[in-house]
Amino acid sequence: MSAIVYPIGHSLYLNITNRCTNQCPFCIRNKAETFNRQYALWLDREPTAGELLAAIGDPSRYDQIVFCGYGEPTIRLDIIKEVSKALKLRTHNSELRTRLDTNGHGNLFWGRNIVPELKGLIDKVSVSLNAESAEKYVKLCRPLQGLPAYGATIDFLKEAKKYIPSVEATVVDLPGIDKEKCRQIAADLGVSFRLRPYYDSLYVA
C-alpha cells in the first residue's frame, strides 16, 4: 500500500502526487519505489485532502508538515491550499510550520502567479534551483517546458520572497554543477541557499 504520509525526524512529509514537470535522470524516483526500506512512495492514486488530514492526525506532534511527493506538489495546488488551511485552523496558527518543496514550475504550469495564494498558508518554501544556467538546467533536469522552466524557477523564487516568510534555493550535490554560482544566484535573489546531499542509500528498489 502506498504511503501518503511519512515521518523524517520531527517532520511529516505529505506524498501528494507522482506527476512532475521535470524528468531528472538523477531523481531517486527513477531508481526506487520505497524510502528508507519502509515507505512505498509510488502512489496507486492521488490522495484527497480528507485522506491526508486523516493520515496526519494530530499535527502538533510534528515540527513541520511538508508538501512534497515523488512528483511536483504544486500540480495539486488546491490540495496544498485546502490541507494547509485546515492545519492552520486545527492548530489555531500555533508553532506548527508548513513547508512546500517544489521545483518552482507552479506559475508556468498554471499560467498565473500562484504564490500569493500561498500567503498565510505556507511558512517556508524550498525551491530546487539545481543549476546555474538555463542550458545546464535543461540538460540536468529535462523539464517538459524546456528552457523557459529555468526562468520560471527564478521568478518563483522572486515571488516567494514577497509572500512566504522563509525561502531557500537548493541544489543537489552532483558533479558538474557550479555550486558557488548557484549560491551567488540565491544571494542576489535575497533567499537562503542549501546544498542537498544525495541520499541514495535511503532508497531501495
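**Notebook: core and ring pairs**

I began at Leu14 and listed its contacts, leaving aside residues up to four places away in sequence: Leu14 touches Ile4, Val5, Leu52, Ile56, Ile65, Val66, Phe67, Cys68, Gly69 and Val83. I note here that the model is a predicted one.

I then looked up the largest nonpolar core, which holds 53 residues, and found that Leu14, Ile56, Val83 and Leu129 are the members that touch the most others. Helix H5 gives the most to this core, with 6 residues. A second core, separate from it and made of 8 residues, includes Tyr6, Tyr13, Leu41 and Cys68. For context, I recall that nonpolar side chains in soluble globular proteins tend to be buried together.

Next I turned to the aromatic pairs, of which the structure holds 4. In one of them, the ring centres of Trp42 and Tyr70 lie 5.5 Å apart with the planes at 85°, and because planes over 60 degrees apart count as edge-to-face, I entered the pair as such. This pair links distant parts of the chain, 28 residues apart, with Trp42 in the loop between strand E4 (39–40) and helix H1 (49–56) and Tyr70 in the loop between strand E5 (64–68) and helix H2 (77–90). I also checked burial: Trp42 is partly exposed at a relative accessible area of 28%, whereas Tyr70, at 6%, counts as buried.

I recorded another pair, Tyr137 with Tyr150, whose ring centres are 5.4 Å apart and whose planes stand at 55°, so the pair is tilted. Tyr137 lies in helix H4 (residues 134–141) and Tyr150 in helix H5 (residues 148–163), so the pair ties together parts 13 residues apart in sequence. Both Tyr137 and Tyr150 are buried.

Notes
Residues are numbered from 1 along each chain as its sequence is written. This is a predicted model: local features need pLDDT of at least 70, side-chain atom pairs count only at pLDDT 80 or more; totals for chains, interfaces and linings use all residues. Side-chain values use heavy atoms; hydrogens and water are left out. Rings of Phe, Tyr and Trp (its six-membered ring) pair if their centres lie within 6.5 Å; planes under 30 degrees apart count as stacked, over 60 as edge-to-face and the rest as tilted. Helices (H or I, at least four residues) and strands (E, at least two) are DSSP runs, numbered from the N terminus. Buried means under 20% relative accessible area, exposed over 50%, partly exposed in between (1.4 Å probe, protein chains only). A nonpolar core is a set of buried Ala, Val, Leu, Ile, Met, Phe, Trp, Tyr and Cys residues joined through side-chain atoms within 4.5 Å. Contact means heavy atoms within 4.5 Å.
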